[in-house]
Amino acid sequence: MSLFAKKPLEQILAQAEQGESGLKRTLGAANLVALGIGAIIGAGLFVRTAAAAGQAAGPGVTLSFIVAAIGCAFAGLCYAEFAAMIPIAGSAYAYSYTTMGELVAWIIGWALIMEYALGAATVSIAWSEYLNKLLGGAIPYEWCHSPFESFTDSAGVHHSGIMNAPALIILLLLTLLLIKGTQESAIVNMIIVFIKVAIVLLFIAIGWQFINPENHTPYLIPADTAPVTDSAGKVIADYSGWNKHGLGGVLGGAAIVFFAFIGFDAVSTAAQEAKNPSRDMPIGILGSLVVCTILYILFGHVLTGVANWKEFVDPEKGREASVAYAISTYMTGYGWLAKGVTIAILAGFSSVILVMLMGQSRIFYTMSNDGLIPKAFGELHPKFKTPYKANWILFVFVGLFAAFVPGHVAGDLTSFGTLFAFVLVSAGVWILRVKSPNIKRPFKTPIYPVVSALGVIICTAMIVGLDSQTLKVAFAWMALGLVVYFLYSRHHSKLRNPADVLPKASDFEKH
């Protein structure tokens, strides 16, 4: 059988309607929008905004958000069409299995591990940073940083990380909540979303009056900007690369903050648990994207106006817990807000991790049902009907990254996985429109094929904007995925073993 054998759409739709033996349909449109906002407003806003400003875009990070949002809008419209048409857990993996075949589906499924699993690891690391900020730095540097991180403070003392213990603890607690149930997780997420959106609006409203226009001049990082060094003279930020200054820096910044937009993608992984997916999925995906894009641009403008962008690369200033730093340092009289923001951010990060872990476990669930990974990933808890074994395996994998890998490394790899998924989903809509024009589509991507093509082009451009080291690691990970496919997945695929394939449903096409 060909490596590009496609999974019949009828089979996927039948799988989506398994009934009592499958995932419970408990999520409405409001739950899905909140799920998306829960994933979008988190580390991307509170950590990656400052990282993109300090490393590549300067105050022009607002333009980076616009570039990233445009790419997201095109990909989001394509996701909405697929999610309404194929309401099954698995997101881009399931869509590509139908449109481009098993090998491509495997590649995207493997890439999605970078998006969701490493996304959860990145945010748990950010959670650790803000917890330490709230506790006044009570956690020693060694126990809240990876072994690959070190710096020399102003007193000349050198610090080297051992492991990030707080990140591991929050991952364990949220894994236990996910095993308990989807609806319980959604309720907790809804409460957290309300709190953190309120805090974001409060920061924008109060911070606006503390904007220093000089911090926005020049708006883009000049090409001749000198590197930033620590107290020992070690370079911690260099701006000589094409994607580290000027308009190239805006694109480089877009690639960094793209991590912030993976929330609407996470909504699509819950399609099999939506009450009315054909109506609710487009609302959840596009609604959460619109709300958060507006907040992101306003937030980036205020943050880079309150504090100078160079301070966001200094470990002793605003590199960690950047929002709390900006408030406590420059917003006189609002020290209480810094503490309130930190608490809300901790809650917000928790909801992001929750959504990321949920999304990855659902992708594992679908891949396991297809035979591409071991059966344990697809086993549901007899009482809670959640893929509990996948959750535990995921905890171990994500925990290792969170405890021992620097946050910026995991975050950039997450952006690669996200962008790669967006490219294939955008292309997949185009392919399926050509090959299966009569399939019932409850939601149609407008201005076809222009939207699909632009989704592919803009997201590919942002992949190119990532730094070379990230691309090397990402392609090494993808190469490892191909080895796993040819050694295990290809031989266990249910598509290649008809006896294990679900019975076909009736014809789902319009006549």
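Ring pairs join Trp106, Trp110, Phe397, Phe401, Trp477, Tyr485 and Phe486 into one cluster, and that cluster is a good place to begin a walk through this predicted model. The structure as a whole holds 19 aromatic pairs. One of them brings Tyr130 and Phe349 together edge-to-face, with 5.6 Å from centre to centre and 85 degrees between the planes. This pair links distant parts of the chain, since Tyr130 belongs to helix 6 and Phe349 to helix 13, 219 residues apart. Tyr130 counts as buried because its relative accessibility is 0%, under the 20% limit. Phe349 is likewise buried, with a relative accessible area of 0%.

Another aromatic pair sits within a single helix. Trp392 and Phe395 meet edge-to-face, 6.2 Å from centre to centre and with 85 degrees between the planes. They are 3 residues apart in helix 14, so about one helical turn separates them. What about their surroundings? Trp392 has a relative accessible area of 35% and is therefore partly exposed, while Phe395, at 16%, is buried.

Let us stay with helix 14 for a moment. This helix has 17 residues and spans 24 Å from its first C-alpha to its last, close to the 24 Å expected at 1.5 Å a residue. Its buried residues are Ala390, Asn391, Leu394, Phe395, Val398, Gly399, Ala402 and Ala403. The elements that cover them include helix 6, helix 7 (residues 165-180) and helix 13.

From here we can move to the nonpolar core. The largest one has 156 residues, and Ile41, Phe46 and Tyr130 are the members that touch the most others. Helix 6, which runs over residues 102-134, gives the most to this core, with 21 residues. If you centre your view on Phe46 and set aside residues up to four places away in sequence, you will find contacts with Ile41, Tyr130, Val200, Phe299, Ser322, Val323, Ile345 and Phe349. Two residues in that list, Tyr130 and Phe349, are the partners in the edge-to-face pair described above.

Now for the charged side chains. Side chains of opposite charge can pair when their charged atoms come close. How many salt bridges does a search of the whole structure find? It finds 3. In one of them, the side chains of Glu81 and Arg433 meet at 2.8 Å, N to O. This contact links distant parts of the chain: Glu81 is in helix 4 (residues 61-85) and Arg433 in helix 15 (residues 407-435), 352 residues apart. Both Glu81 and Arg433 are buried.

Glu81 also forms a salt bridge with Arg441, where the closest N and O atoms are 3.1 Å apart. Arg441 lies in the loop between helix 15 and helix 16 (residues 450-464) and Glu81 in helix 4, so this pair ties together parts that are 360 residues apart in sequence. Arg441 is buried, as is Glu81. Glu81, Arg433 and Arg441 are thus linked in a network of salt bridges. Arg433 has an aromatic neighbour too: its charged end sits over the ring of Tyr448, 4.6 Å from the ring centre.

The salt bridge between Lys389 and Glu379 takes us back to helix 14, with the side chains meeting at 2.7 Å, N to O. Lys389 lies in helix 14 (residues 388-404) and Glu379 in the loop between helix 13 (residues 335-369) and helix 14, so the pair ties together parts that are 10 residues apart in sequence. Are these two residues buried or partly exposed? Lys389 is partly exposed, with a relative accessible area of 30%, and Glu379 is partly exposed as well, at 31%.

One last stop is Glu316, in the loop between helix 11 (residues 277-306) and helix 12 (residues 322-330). Its relative accessibility of 38% is why Glu316 counts as partly exposed. Glu316 and Thr152 are 164 residues apart in sequence, and their C-alpha atoms are 9.6 Å apart in space.

How values were computed. Residues are numbered from 1 along each chain as its sequence is written. This is a predicted model: local features need pLDDT of at least 70, side-chain atom pairs count only at pLDDT 80 or more; totals for chains, interfaces and linings use all residues. Side-chain values use heavy atoms; hydrogens and water are left out. A nonpolar core is a set of buried Ala, Val, Leu, Ile, Met, Phe, Trp, Tyr and Cys residues joined through side-chain atoms within 4.5 Å. Buried means under 20% relative accessible area, exposed over 50%, partly exposed in between (1.4 Å probe, protein chains only). Helices (H or I, at least four residues) and strands (E, at least two) are DSSP runs, numbered from the N terminus. Contact means heavy atoms within 4.5 Å. A salt bridge is a side-chain nitrogen of Lys or Arg within 4 Å of a carboxyl oxygen of Asp or Glu. The expected span of a helix is 1.5 Å times one less than its number of residues. Rings of Phe, Tyr and Trp (its six-membered ring) pair if their centres lie within 6.5 Å; planes under 30 degrees apart count as stacked, over 60 as edge-to-face and the rest as tilted. A charge sits over a ring if NZ of Lys or CZ of Arg is within 6 Å of the ring centre and within 35 degrees of the ring normal.
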